[in-house]
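Q: Please take a close look at one part of this predicted model. I would like to know how its strands are paired and what lies around them.

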Amino acid sequence: MSLTKLNVSLEEFEIGLSGAVPDRRDWSEPAMDRGILEFVSLFSGLVLKYGGRIVHGSHPTFTPIILRQARLHAGERFRKPVTLVMSELWAADLQVDQIQAITDVAELIITKKVGTGSASDNETRNQSLTAMRRVLVDTQNIMVAVGGKLHSGDGKRPGVGEEMDLAQRKKVPRFLVAGLGGYARKLAKDLTPDSLGNGLPRRENVRLFRTDDVAACVNVLFDHLALSKSLRKAALQPIKWNPDLRAIVDHRNGKIASASECIMRTEGVAGMSMQDGAQDLL
């Protein structure tokens with residue numbers, strides 16, 4: 001990295017990491033998981049070390065790494081360094097000790113199940129995850145997508161695709177690390193670098209689309225986060241998660257946004273008891 005800790009602050013960034021390790025049958029090369037998980041570890045560690053926050057949709061292939069990096073690098077700060085968003089479809093199975101193991105360094109937002117089926121029912125799964133992702137995108141001001149399950153022909157909605165689409169609608173700057181494979185690579189075939197709104201020169205976005213060099217990807221992203229004034233301006237999101245109100249708020253007028261209706265309860269947010277819910281504010 002070309003910058004030292006003394007020169008850099010990422011405090012205004014709440015960076016959503018979108019993705020997962022693809023199913024093994026979809027790996028395009030041996031040990032594809034290693035590159036993706038190495039990226040998650042290095043990138044999240046740097047973001048946290050330099051004062052930024054990481055936001056993630058609680059996928060089991062990424063979450064343990066993010067939490068470990070938070071414990072190693074976040075240091076003392078006013079607000080917990082990680083926000084995890086999880087659908088009730090999976091959160092209902094969490095035990096108290098599991099929640100405590102998450103919320104030592106993370107805020108946990110639990111969103112409502114949509115539908116009457118279980119996680120194995122595609123309609124309930126897709127609708128519940130869409131509700132979760134609406135909240136997820138409103139808790140971040142930058143999105144970085146890497147890997148991602150393809151869900152080819154199984155009726156399940158690919159998370160990276162939906163999260164990138166929701167972020168685009170909100171004009172959240174997006175970065176697509178496609179060279180490491182997964183759904184991100186598939187998505188890169190349909191997107192142009194200019195559509196991402198991230199302010200990177202075209203050649204650097206193309207590099208992220210193509211290279212499998214983890215260190216190069218992290219370097220491109222970190223330097224841009226540290227140096228780009230235009231990115232900081234683009235990252236200002238008027239409608240976003242407010243941990244004090246435990247709701248998604250339009251900060252221009254103080255009104256609670258519609259996505260707050262998807263929130264069931266929160267865990268580990270300052271001042272919250274375990275069963276308090278954002279719905280009490282609505």
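**Strand pairing and surroundings**

A: In this predicted model, strand S7 and strand S8, residues 247-250, pair in the antiparallel sense, and 4 bridges join them. Across this pairing, Trp-241 has Ile-248 of S8 opposite it. S7 and S8 belong to an open sheet of 3 strands, ordered S7-S8-S9 and paired antiparallel. At its edges are S7 (239-242) and S9 (255-256), each of which pairs on one side only.

Strand S1 has parallel pairing. With strand S2 (residues 53-56), S1 pairs in the parallel sense over 4 bridges, and with strand S5 (residues 142-147) the pairing is also parallel, over 6 bridges. Leu-17 takes part in both: the residue opposite Leu-17 in S2 is His-56, and the bridge partner of Leu-17 in S5 is Val-144.

S1 covers residues 14-20, and 7 of the 7 are buried, so the strand is largely enclosed by the rest of the structure. In a regular strand, side chains alternate between the two faces of the sheet. In S1, Glu-14, Gly-16, Ser-18 and Ala-20 point one way, while Ile-15, Leu-17 and Gly-19 point the other way; all are buried.

The connection from S1 to S2 runs through helix H1 (residues 32-49), and the three elements make a right-handed β-α-β unit. H1 has 18 residues and reaches 26 Å from its first C-alpha to its last, close to the 26 Å expected at 1.5 Å a residue. Its buried residues include Met-32, Ile-36, Phe-39, Val-40 and Phe-43, and also Leu-46, Val-47 and Leu-48. Just after H1, Gly-51 has a positive phi of about 95°.

The loop between S1 and H1 contains Trp-27. With a relative accessible area of 18%, Trp-27 falls under the 20% cut-off and is therefore buried. Leaving aside neighbours within four places in sequence, Trp-27 is in contact with Val-21, Pro-22, Met-32 and Asp-33. The Trp-27 side chain also reaches the backbone oxygen of Pro-22, at 3.0 Å. Much farther along the chain is Gly-182: Trp-27 and Gly-182 are 155 residues apart in sequence, yet their C-alpha atoms are 7.3 Å apart in space.

On the way into S5, Gln-140 lies in the loop that follows helix H5 (122-137) and precedes S5. Gln-140 counts as buried, at 4% relative accessibility. A polar atom of the Gln-140 side chain lies 3.1 Å from the backbone oxygen of Leu-136. Apart from neighbours within four places in sequence, Gln-140 is in contact with Glu-14, Gly-16, Val-55, Val-172 and Gln-237. Of these, Glu-14 and Gly-16 are among the S1 residues that point one way from that strand.

A further antiparallel pairing joins strand S4 (residues 106-111) and S10, over 4 bridges. Here Ile-110 stands opposite Arg-265 of S10. S10 spans residues 263-267, and 4 of the 5 are buried, so S10 is largely enclosed by the rest of the structure.

Key
Residues numbered from 1 in each chain as written. Predicted model: local features only at pLDDT ≥ 70, side-chain atom pairs only at ≥ 80, totals over all residues. Heavy atoms only, no water. Pairing = 2+ DSSP bridges. Helix = DSSP H or I, 4+ residues; strand = E, 2+ residues; numbered from the N terminus. Buried < 20%, exposed > 50% of the residue type's maximum accessible area, 1.4 Å probe, protein only. Right-handed = clockwise from strand over helix to strand, strands pointing away. Expected span 1.5 Å × (residues − 1). Contact = heavy atoms within 4.5 Å. Polar contact = N/O pair within 3.5 Å; in protein donor to acceptor, adjacent residues only side chain to side chain.
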